[in-house]
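Colleague: Got a minute to go through this one with me? I'd like to talk about helix packing and empty space.

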Amino acid sequence: MRHLGPNWYASVMGTAIVAAAGTALPLRAPGLRGAYELVWALAALMLLTLLGARAVHWVRHPDQARRHLDDPAVAPFYGCLAMALLAVGGATLSVGSGVIGQGPAVAADAVLWTAGTVVGLVAAAGVPYLMVTRHRIEPGQASPVWLLPVVAPMVSAALGPALVPHLPAGQWRDAMTLGCYALFGMSLLTVLLILPLVFSRLVHHGPLPVALTPALFLVLGPLGQSVTAVNNLADATAGGPYASATAAFAVLYGVPVIGFAVLWLLISVAMTVRAFRQGMGFAMTWWAFTFPVGTCVTGAAALGRHTGLHAFTWLAAALYVLLVTAWAVAGARTLAGLVSGRLLAAPAPAPLVPVPATVRTT
């Protein structure tokens, strides 16, 4: 348990989004719903197992847990805890309701959404605070991983609208809807501060290390999730005083951003192919191929629903095929790494560099 880091929550996120994104597609075939429910159940089981394992980690290895918070490469992954709670909660309502019933699904989602939002707000404020006050970051160390804590509120904004119809009409629904818009803005503006740093690092310092190349896909997360958020919020405000404005904003914002997401996806794929040619092996960073792509699936599917343009639906379907493929590969490799013990083994010590002998001359 000593080396079980918060990055493992990415596997829960990547599994939950497979189920949730599948239900967002207008695909209806025998057995699909059952498959989505199995994946949702797996994600829920993974979340419970990992929460327990991480609790053991904090109790038995508090020194290592504090070291994770002091490490600028690990601390941002605490955003994954928030997003894992939110992703499983959203999938419980959209997928699991057919298994456990509508009432229990709403209750479970409400609990997980609240917990995930609180943890996400703490991470979104706390991790940047640590970066400024305690972490020592050198020029050229900007990473897409920095997006993880600040994108968590965007996930809350995207999944919160599903709870709006289950709240009392009036102040409760209005507070939830406008609160989700506030979470959307909180995340979006912070992401806009970080993205230029990431691109500047790539341009001025070259590609990421080979093992970290999959992290480039993390940029897709706030892009796809923000498109999903504005479209889901437009659904939540339908029939209200802001209906026409939110519907227009969903399309006018969503279409350009999903276009940029496609561009970034092409760049990321090209960089990943380059990394594979240089011998990139499996690491937990491969889970970056899953959840961010899944957010683009839900975003494109929502645009297809609101614009009626079949091109967005086909884009969502193509991205879903990529998502399922990436999830299957990452899941199989992770399971093999767990069975072998390699993924939870202590990091290999740095090799000793022999000090060259010096010759004293007179």
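Modeller: Sure. One term before we start: a crossing is left-handed if the near helix is turned anticlockwise from the far one by less than a right angle, and right-handed if clockwise. Also, keep in mind that this is a predicted model.

Colleague: OK, so which hand does the crossing of α9 and α11 have?

Modeller: α9 and α11 cross in the left-handed sense. Their axes are 13 Å apart, and the packing angle is about 35°.

Colleague: Which residues make that contact?

Modeller: From α9 you have Val255, Ile258, Val262 and Leu265, and from α11 Phe312, Leu315, Leu319 and Leu322. By class, that contact has 8 nonpolar, no polar and no charged residues.

Colleague: And α8 against α9, what angle do they cross at?

Modeller: Roughly 160°, with the axes of α8 and α9 coming within 9 Å. Angles over 145 degrees count as roughly antiparallel, so α8 is roughly antiparallel to α9. The crossing of α8 and α9 is left-handed.

Colleague: Who's touching whom there, between α8 and α9?

Modeller: On α8, the contact residues include Leu220, Leu223, Val227 and Ala234. On α9, among them are Phe249, Tyr253, Ile258, Ala261, Trp264 and Leu265. The classes for the α8 and α9 contact come out as 15 nonpolar, 4 polar and no charged residues.

Colleague: Switching to α1 and α11: at what angle do they cross?

Modeller: The α1 and α11 axes cross at roughly 150° and come within 10 Å. That makes α1 roughly antiparallel to α11. The hand of the α1 and α11 crossing is left.

Colleague: What does α1 put into the contact with α11?

Modeller: α1 brings Gly14, Thr15, Ile17, Val18, Ala21 and Gly22, which meet Tyr320, Leu323, Val324 and Trp327 in α11. The split for α1 with α11 is 7 nonpolar, 3 polar and no charged residues.

Colleague: Right, empty space now. How many cavities of 30 Å³ or more are there?

Modeller: The count comes to 1 cavity of 30 Å³ or more. The largest cavity has a volume of about 40 Å³.

Colleague: What lines the largest cavity?

Modeller: Leu220, Ile258, Ala261, Val262, Leu265, Cys296 and Leu319. α9 gives the most to that lining, with 4 residues. The lining of the largest cavity has 7 nonpolar, no polar and no charged residues.

Colleague: Pockets, then. What's the volume of the largest pocket?

Modeller: About 1300 Å³ for the largest pocket. It is lined by 50 residues, and the closest to its centre are Asn7, Ala73, Val74, Phe77 and Thr285. Helices α1, α3, α4, α6, α8 and α10 each give two or more residues to the lining.

Colleague: How do the lining residues of the largest pocket divide?

Modeller: Into 36 nonpolar, 10 polar and 4 charged.

Colleague: And what's the space in the second largest pocket?

Modeller: About 630 Å³ for the second largest pocket. Its lining has 27 residues, with Ser94, Ala158, Leu159, Ala162 and Asn232 nearest the centre.

Colleague: Which helix gives the most to the lining of the second largest pocket?

Modeller: α4, with 6 residues. Helices that each supply at least two are α1, α4, α6, α8 and α10. By class, the lining of the second largest pocket has 17 nonpolar, 7 polar and 3 charged residues.

Methods
Residues numbered from 1 in each chain as written. Predicted model: local features only at pLDDT ≥ 70, side-chain atom pairs only at ≥ 80, totals over all residues. Heavy atoms only, no water. 1 Å grid on protein atoms, 1.4 Å probe; cavity = no way out; pocket = protein on both sides within 12 Å on 5 of 7 lines; lining within 4 Å. Points joined across faces, edges and corners; volume = space filled by probe spheres on them. Nonpolar A, V, L, I, M, F, W, Y, C, P; charged D, E, K, R; others polar. Axes fitted to C-alpha atoms, helices over the stretch in contact; angles between N-to-C directions. Parallel < 35°, antiparallel > 145°, perpendicular 65-115°, else oblique. Contact = heavy atoms within 4.5 Å.
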